[in-house]
Amino acid sequence: MAQAWFETVAEAQRRAQKRLPSSVYSALIAGSEKGRSSSDNLDAFDELGFAPHVANLPRNRDLTTTVMGLNLPMPIVISPTGVQAVHPDGEVAVARAAVARGIPMGLSSFASKSIEDVSATGASVLFQMYWSGTRDQMLERLDRAKRAGAKAIIVTLDWSFSNGRDWGSPWIPDKLGLKNMIKLAPQGLSRPSWLWSWVKSGALPTLGTPNMAAAGETVPTFFGAYYEWMQTPLPTWEDLAWLRSAWEGPFLVKGVCRVDDAKRVRDLGATALSVSNHGGNNVDSTPSPLRALAAVVDVVGSEIDVLLDGGVRRGGDVVKAVSLGAKAVMIGRAYLWGLAANGQAGVENVLDVLRSGIDSTMTGIGAASVRELSRADVVAPKDFHRCLGA
């Protein structure tokens with residue numbers, strides 16, 4: 001493909017917008033209500049600066065780190081995202097890219113591909129669960145993840161309700177019957193390269209969630225799975241302690257912003273937590289995770305691994321988060337842009353862009369290892385940090 005390679009995540013996003021039908025693209029960029037949180041996720045990174053050295057800069061940089069006992073070639077983990085209809089290969093393409101670059105992959109329980117198919121790529125899968133369904137159903141999902149070789153469990157708590165959006169929510173059908181296909185036809189025809197990729201695959205987006213189906217059950221649609229989640233009472237700390245006790249391996253709690261919640265997560269015996277606001281898709285006006293990161297690190301960072309999820313678009317962003325105490329970052333939209341732009345190769349391209357950006361930033365500030373990064377390497381405005389729940 002001519003000009004397939006792109007040099008920034010921003011260019012991947014531009015290509016994704018040109019390639020995807022408007023409803024699919026709108027689903028990817030969505031935030032809640034006015035979009036304050038999704039905007040702040042990006043703005044916070046722009047507010048941080050660097051304090052670079054100018055001599056004795058390292059000739060070699062060590063980007064490796066360890067998260068939840070997994071050795072990473074750079075401090076990046078692929079965050080779980082649901083129903084990846086941006087490309088026919090979906091999560092399998094992402095998994096292959098993750099294997100090619102040695103990166104662990106979070107796989108959503110709302111994914112369009114099964115954990116068995118994704119694990120077959122050889123990826124280090126971190127299986128993500130919502131508190132959804134009965135305890136027996138959740139135990140069955142944990143057992144399935146274990147049998148498929150999942151390295152860890154991610155329990156996502158930073159999505160309690162998907163609020164309306166001031167710019168309008170995209171129309172997403174429950175399933176692609178004839179009536180809905182006719183309705184979506186103008187969008188598909190306006191993006192012939194995207195449509196042709198599905199025609200060549202011999203299938204159409206099913207919008208199914210195979211990881212939410214028990215053995216022998218019909219695969220629920222996304223909205224079928226969503227309905228189950230909506231009907232499940234929200235978890236208590238006791239519920240989360242039970243879930244933790246049901247999984248013997250590494251256990252990451254996603255969505256912590258407050259220091260009091262961070263302490264409760266630590267006390268559950270969690271291996272890790274991610275500071276996240278679900279990409280701005282939960283309660284609008286929640287501050288950027290980057291603003292809340294340092295306070296969380298200060299209270300639990302010596303006892304469990306702290307990750308950051310939200311707003312990462314370049315290698316310098318990764319360096320900023322690690323300088324504030326994150327062991328690694330989780331990326332979501334960034335790799336989805338790459339997947340939409342060029343499939344597996346596009347995801348690899350995004351990971352390469354981020355790796356190059358981390359390396360060049362570390363060169364410029366004079367850091368030989370990501371493990372040496374500290375708050376002295378960044379410059380923050382006086383009112384930048386937030387300590388929530390102190």
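Reader: Is arginine 36 buried, partly exposed or exposed?

Author: In this predicted model, arginine 36 has a relative accessible area of 44%. Buried would need under 20% and exposed over 50%, with everything in between called partly exposed. So arginine 36 comes out as partly exposed.

Reader: Which residue does arginine 36 form a salt bridge with?

Author: Arginine 36 sits in helix H3 (residues 36-47), and its partner is 248 residues apart from it, in the loop between strand S9 (272-276) and helix H12 (289-300). The closest N and O atoms of the pair are 3.6 Å apart, and the cut-off for a salt bridge is 4 Å. The partner is aspartate 284.

Reader: And aspartate 284, is that one buried or exposed?

Author: Its relative accessibility is 7%. Buried means under 20%, so aspartate 284 counts as buried.

Reader: How many salt bridges turn up in the whole structure?

Author: The pair of aspartate 284 and arginine 36 is a salt bridge. Glu11, Arg14 and Arg15 are joined into one network by salt bridges that share partners. A search of the whole structure gives a count of 19.

Reader: Which residue does arginine 101 meet in a salt bridge?

Author: Arginine 101 is in helix H4 (residues 90-101), and the partner lies 247 residues apart in helix H14 (residues 333-365). Arginine 101 is partly exposed at 28% relative accessibility, while the partner is buried at 15%. The N to O distance is 3.5 Å, and the partner is glutamate 348.

Reader: How far apart are the closest N and O atoms of arginine 144 and glutamate 116?

Author: This salt bridge links helix H6 (residues 135-147), home of arginine 144, with helix H5 (residues 115-119), home of glutamate 116. Arginine 144 is buried at 16% relative accessibility, and glutamate 116 is partly exposed at 35%. Their closest N and O atoms are apart by 2.8 Å.

Reader: Back to H3 and H12: are they roughly parallel or roughly perpendicular?

Author: The two helices pack with their axes 8 Å apart, at an angle of about 65°. Angles of 65 to 115 degrees count as roughly perpendicular. H3 and H12 are therefore roughly perpendicular.

Reader: Which residues of H12 does H3 meet?

Author: On the H3 side, the contact uses Asp40, Asn41, Asp43, Ala44, Phe45 and Glu47. By class, the contact between the two helices has 4 nonpolar, 1 polar and 4 charged residues. On the H12 side, the residues are Pro289, Leu290 and Arg291.

Reader: What does leucine 290 contact, leaving aside neighbours within four places in sequence?

Author: Leu290 is one of the three residues that touch the most other members of the largest nonpolar core, along with Leu273 and Leu293. That core has 93 residues, and its largest share, 14 residues, comes from H14. Leucine 290 is in contact with Ala44, Phe45, Leu48, Leu308, Ala321, Leu324 and Phe384.

Reader: How many residues does the second, separate core have?

Author: In soluble globular proteins, nonpolar side chains tend to be buried together. Here a second core includes Leu72, Ala152, Ala272 and Leu307, and its size is 13 residues.

Reader: Last one: which residues does histidine 278 contact, neighbours within four places aside?

Author: Histidine 278 is found in the loop between S9 and H12. With 18% relative accessibility, histidine 278 counts as buried. Its contacts are Tyr130, Thr156, Asp158, Trp159 and Lys254.

Terms used:
Residues numbered from 1 in each chain as written. Predicted model: local features only at pLDDT ≥ 70, side-chain atom pairs only at ≥ 80, totals over all residues. Heavy atoms only, no water. Salt bridge = Lys/Arg side-chain N within 4 Å of Asp/Glu carboxyl O. Helix = DSSP H or I, 4+ residues; strand = E, 2+ residues; numbered from the N terminus. Buried < 20%, exposed > 50% of the residue type's maximum accessible area, 1.4 Å probe, protein only. Contact = heavy atoms within 4.5 Å. Axes fitted to C-alpha atoms, helices over the stretch in contact; angles between N-to-C directions. Parallel < 35°, antiparallel > 145°, perpendicular 65-115°, else oblique. Nonpolar A, V, L, I, M, F, W, Y, C, P; charged D, E, K, R; others polar. Core = buried A, V, L, I, M, F, W, Y, C linked by side-chain atoms within 4.5 Å.
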